[in-house]
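Biologist: I should like to learn how to read a protein model step by step. May we begin with the overall fold and then turn to single residues?

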Amino acid sequence: MLDTLVLNAALKTLCREFKVERDRQCVLRLTTLLIQLSKTGITDTGELVANARRDFAAGLNSEDLD
């Protein structure tokens, strides 16, 4: 089961870090990514943030190449 408190804490951390609090599309992408990661069994906020940070940053970098 998804722990919304853990997901919300991770989302807030990442939104601040990437400075996307007001970018709805980025927030939605981060939320989707966090939910996907949590469904793989990751339940720790720090672990979610670390994995999402890596995956989200990789996605941003690949968009720059287009």
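Modeller: The chain contains three helices and zero strands. Read along the sequence, the pattern is α-α-α. Please keep in mind that this is a predicted model.

Biologist: How many residues does the chain have, and what share of them count as buried?

Modeller: The chain has 66 residues, of which 30% count as buried. As for its surface, the chain exposes about 4,700 Å², and carbon and sulfur atoms supply 53% of that area.

Biologist: Among contacts with a separation of 6 or more, what percentage join residues 24 or more positions apart?

Modeller: Such pairs account for 55% of those contacts.

Biologist: Which residues of the largest nonpolar core touch the most other members?

Modeller: They are Leu30, Leu34 and Leu48, in a core of 18 residues. The elements that give two or more residues to this core are helix H1 (4-18), helix H2 (24-39) and helix H3 (45-65). Let us follow one member: leaving aside neighbours within four places in sequence, Leu30 is in contact with Leu11, Leu14, Cys15, Val20 and Phe56.

Biologist: How should one check the length of a helix, and what does the check give for H1?

Modeller: One compares the span expected at 1.5 Å a residue with the distance between the end C-alpha atoms. For the 15 residues of H1 the expected span is 21 Å, and the end C-alpha atoms are 21 Å apart, so the two agree. H2, with 16 residues, reaches 22 Å from its first C-alpha to its last, close to the 22 Å expected.

Biologist: Why do residues three or four places apart in an α-helix point the same way?

Modeller: An α-helix has 3.6 residues a turn, so residues with that spacing point the same way. Now consider H1, where Val6, Leu7, Ala10, Leu11, Leu14 and Cys15 are buried. They cover an arc of only 155° around the axis, which puts them on the same side of H1. The face turned away from that buried side carries the exposed residues Leu5 and Arg16.

Biologist: Which residues of H2 are buried?

Modeller: In H2 the buried residues are Cys26, Val27, Leu30, Leu33, Leu34, Leu37 and Ser38. Seen down the axis of H2, they fall within an arc of 130°, so they line one face of the helix. Exposed residues Arg24, Gln25, Leu28 and Lys39 are carried by the face of H2 turned away from its buried side.

Biologist: Ser38 is a member of that buried list. What does its side chain reach?

Modeller: Ser38 has a relative accessible area of 13% and is therefore buried, the cut-off being under 20%. Its side chain reaches the backbone oxygen of Ile35 at 2.8 Å.

Biologist: Which residues cap the N-terminal ends of H1 and H2?

Modeller: To recognise a cap in these two cases, look for a side-chain oxygen beside a backbone nitrogen of the helix. Asp3 caps H1, with a side-chain oxygen 3.1 Å from the backbone nitrogen of Leu5. Asp23 caps H2, with a side-chain oxygen 3.2 Å from the backbone nitrogen of Gln25.

Biologist: What should one look for in the phi angle of the residues that follow these helices?

Modeller: The general idea concerns its sign: most residues other than glycine have a negative phi. Lys19, which follows H1, has a positive phi, near 55°, although Lys19 is not a glycine. This lysine is found in the loop between H1 and H2 and is exposed, with a relative accessible area of 69%. After H2 comes Gly41, whose phi is also positive, near 110°.

Biologist: Is Asn51 buried or exposed?

Modeller: Asn51 is buried, with a relative accessible area of 16%, and its place is in helix H3. Its side chain makes a polar contact with the side chain of Arg54 at 3.1 Å. Leaving aside neighbours within four places in sequence, Asn51 is in contact with Leu37 and Ile42.

Biologist: How does one describe a residue such as Gln36, found in helix H2?

Modeller: At 48% relative accessibility, Gln36 counts as partly exposed. One may also compare separation in sequence with distance in space: Gln36 and Ala52 are 16 residues apart in sequence and 9.6 Å apart in space, C-alpha to C-alpha.

Key
Residues are numbered from 1 along each chain as its sequence is written. This is a predicted model: local features need pLDDT of at least 70, side-chain atom pairs count only at pLDDT 80 or more; totals for chains, interfaces and linings use all residues. Side-chain values use heavy atoms; hydrogens and water are left out. Helices (H or I, at least four residues) and strands (E, at least two) are DSSP runs, numbered from the N terminus. Buried means under 20% relative accessible area, exposed over 50%, partly exposed in between (1.4 Å probe, protein chains only). Contact means heavy atoms within 4.5 Å. Accessible areas come from the Shrake-Rupley method with a 1.4 Å probe; for residues, only the protein chains shown count as cover. A nonpolar core is a set of buried Ala, Val, Leu, Ile, Met, Phe, Trp, Tyr and Cys residues joined through side-chain atoms within 4.5 Å. The expected span of a helix is 1.5 Å times one less than its number of residues. The arc is that of the directions from the helix axis to the C-beta atoms. A polar contact is a pair of N or O atoms within 3.5 Å; within protein, one must be able to donate a hydrogen and the other to accept it, and residues adjacent in sequence count only if both atoms are side-chain atoms.
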